Amino acid sequence: MIKIFSLIKKFIIFILTYHLRNFLFFFIIIIPFSLKGLFLSYIYPHYAIQDQILTVYILGSGFLYNTKVIFLGPDSTTIVPIEIKADWNKIECSLDLGYSIYGNYSVIVFNNNFSDTMWKCFRITKKSYFQGQWVETIIGLGEAPMLDVELMDGDHDNLVEVYAACYDDNLYHFKFEHSKWNISLTKVSTWGLNGVVGGDFDNNGLYEIYVACRDHCIYQIFYSGLAWELQKVGELTDEVWSLYTGDGNNNGIMEIYAACEDSQIYQFSHINGKWEGEVIGMGLDEMESVTVGDGDNDGRLEVYAACDDNSIYRFQYSQKQWCTEIIGSGSNQMEDVCIGDGDNDGTLELYTACRDRYVYQFKYENGQWNKNDLGCGQDGILSVCVGDGNNDGFSEIYAVGFDGFIYKFECNRNSWQKEIIGFTNSSLRGIEVGDVDNDGFNEIIVSSLNSKIYMYKLY
């Protein structure tokens, strides 16, 4: 009997020791490497056309020589790069998009025992083989000025919708269904909305909508499958003008960045189930716009902001602190800033909208920021974006402002050419490029102070 109990005791000790050893191995070995391991934070360009061969760059951390990449698209379609070059924080992929299916693609990166996914971050559209006429369509109307616009799959049905921030306190949803535009709205505030942006802070592939309001607050709007749910992210000291989502401090977690009337740029992080905010820097006047990207092409993300003190600011997180730098200025208030490869040279640049009537490019070359003017409008420029609006496989710059014109700036052999593609009888406040009617071709969407949302499409 004693021998039996002794054997049972040894067996229990063995089992406990075995599982404890594996338990400690998991927490000592696996967890630290997971926290420091592979993650994705940025992709550019984030769009392409069918039958195109191009290079796509993915930023993050933990990439090794044996890193693999898969683009996962509609109906489980997969695209595997024909060539991959990887260093620790940047992957260069060569893609052959011949016979690819248009739509949204997620990017999956893996090596050894680690992997990460950026959901619906890359979109393929069709190529237009002829350049016709720009046709204007009014897709909807609000009860007050429309101040900003965002294009995204907010209701998680794999189709792109238009979301507009309106001065009448509502977020408008415009969805193209059954050959017509359907409109719905979500009541957000009693003070009016200034800006709207999409983001996936929990990286589950289901995007949320974030709005900047005149009541000094930032709100999150999320579609649960049955209804739109509203949550306050944070309250600032003054009006919030603009929002952007991204991994500005390169920690593998998405944050929200806010440009505020109090001259400061705020960062909001979702930690332990709640939102926490901090100031990352400030200017000498109101901050009008904010964006996140690798503007200097060093493989790490930075935060950039347009300020009413005529300057463009860069906020860079280094050695556990934020560093502030002015990279350039105009001769009047800077109203907007965006990042993209607008001149199609394979590197990213900054593009800004200025009240001095000009659209500027800020390009980091040979250790310094060089400023180029693309052209000007008849009055102050208020918004600018980068995209392939004419579906030819190359990026262009689109801008709007006080004069009511929609401008396209296209780089041809290092020379910028300006084209007017439309005109309205009102000042224009926001502009974006995307496939909002989900036919495979991009359109240009514009928000107007006359309460209308316009679409411009080549036919």
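**A walk through a two-domain chain**

Let us start with a single residue: aspartate 157 is partly exposed, because its relative accessible area is 30%. Here buried stands for under 20% relative accessible area, exposed for over 50%, and partly exposed for what falls in between, using a 1.4 Å probe and protein chains only. Before going further, please note that this is a predicted model, in which local features need pLDDT of at least 70 and side-chain atom pairs count only at pLDDT 80 or more, while totals for chains, interfaces and linings use all residues. Residues are numbered from 1 along each chain as its sequence is written, and side-chain values use heavy atoms, with hydrogens and water left out.

What does aspartate 157 pair with? The side chains of aspartate 157 and lysine 175 meet in a salt bridge, with N to O at 2.4 Å. A salt bridge here is a side-chain nitrogen of Lys or Arg within 4 Å of a carboxyl oxygen of Asp or Glu. Lysine 175 sits in strand E13 and aspartate 157 in the loop between E11 and E12, so this pair ties together parts that are 18 residues apart in sequence. Strands (E, at least two residues) and helices (H or I, at least four) are DSSP runs, numbered from the N terminus. Unlike its partly exposed partner, lysine 175 counts as buried, because its relative accessible area is 13%.

Lysine 175 has another partner too, aspartate 155, in a salt bridge of 3.1 Å from N to O. Strand E13 (residues 170-177) holds lysine 175, and the loop between strand E11 (146-152) and strand E12 (161-166) holds aspartate 155, so parts that are 20 residues apart in sequence are tied together. Both members of this pair are buried. Asp155, Asp157 and Lys175 belong, with Glu161, to a network of linked salt bridges. Side chains of opposite charge can pair when their charged atoms come close. The whole structure holds 20 salt bridges.

Further along the chain, lysine 363 and aspartate 343 also meet through their side chains in a salt bridge (3.1 Å, N to O). This pair links distant parts of the chain, 20 residues apart, with lysine 363 in strand E29 (residues 358-365) and aspartate 343 in the loop between strand E27 (334-340) and strand E28 (349-354). Lysine 363 and aspartate 343 are both buried.

Now step back to the whole chain. Its domain assignment gives domain 1 (1-127) and domain 2 (134-458), such bounds coming from an automatic or database assignment. The C-alpha centres of the two domains are 30 Å apart. How many residues of domain 1 are in contact with domain 2? There are 22 of them, and they meet 36 residues of domain 2, where contact means heavy atoms within 4.5 Å. About 2200 Å² is buried between the domains, and carbon and sulfur atoms give 49% of that area. In domain 1, Tyr47, Trp119 and Lys120 lose the most area to domain 2, together 26% of what that side buries. Buried area is the accessible area (1.4 Å probe) that two parts lose on being put together, summed over both.

Across this interface the rule finds two salt bridges. Four strands give two or more residues to the side of domain 1 that touches domain 2: E1 (39-44), E2 (47-49), E3 (53-61) and E9 (114-125). E9 gives the most, with eight residues. As for lysine 120, its salt bridge with aspartate 153 has its closest N and O atoms 3.2 Å apart.

Last comes the interior. In soluble globular proteins, nonpolar side chains tend to be buried together. A nonpolar core is a set of buried Ala, Val, Leu, Ile, Met, Phe, Trp, Tyr and Cys residues joined through side-chain atoms within 4.5 Å. In the largest one, of 31 residues, those touching the most other members are Ile265, Met287, Val303, Ile312, Phe315, Leu350 and Phe362. Strand E24 (residues 302-307) supplies the largest share of this core, five residues. Domain 1 and domain 2 each contribute at least three residues to this core. Apart from it lies another core of 22 residues, including Leu38, Leu54, Phe71 and Ile124. Back in the largest core, Met287 has contacts that include Trp241, Ile265, Ala305 and Phe315, leaving aside residues up to four places away in sequence.
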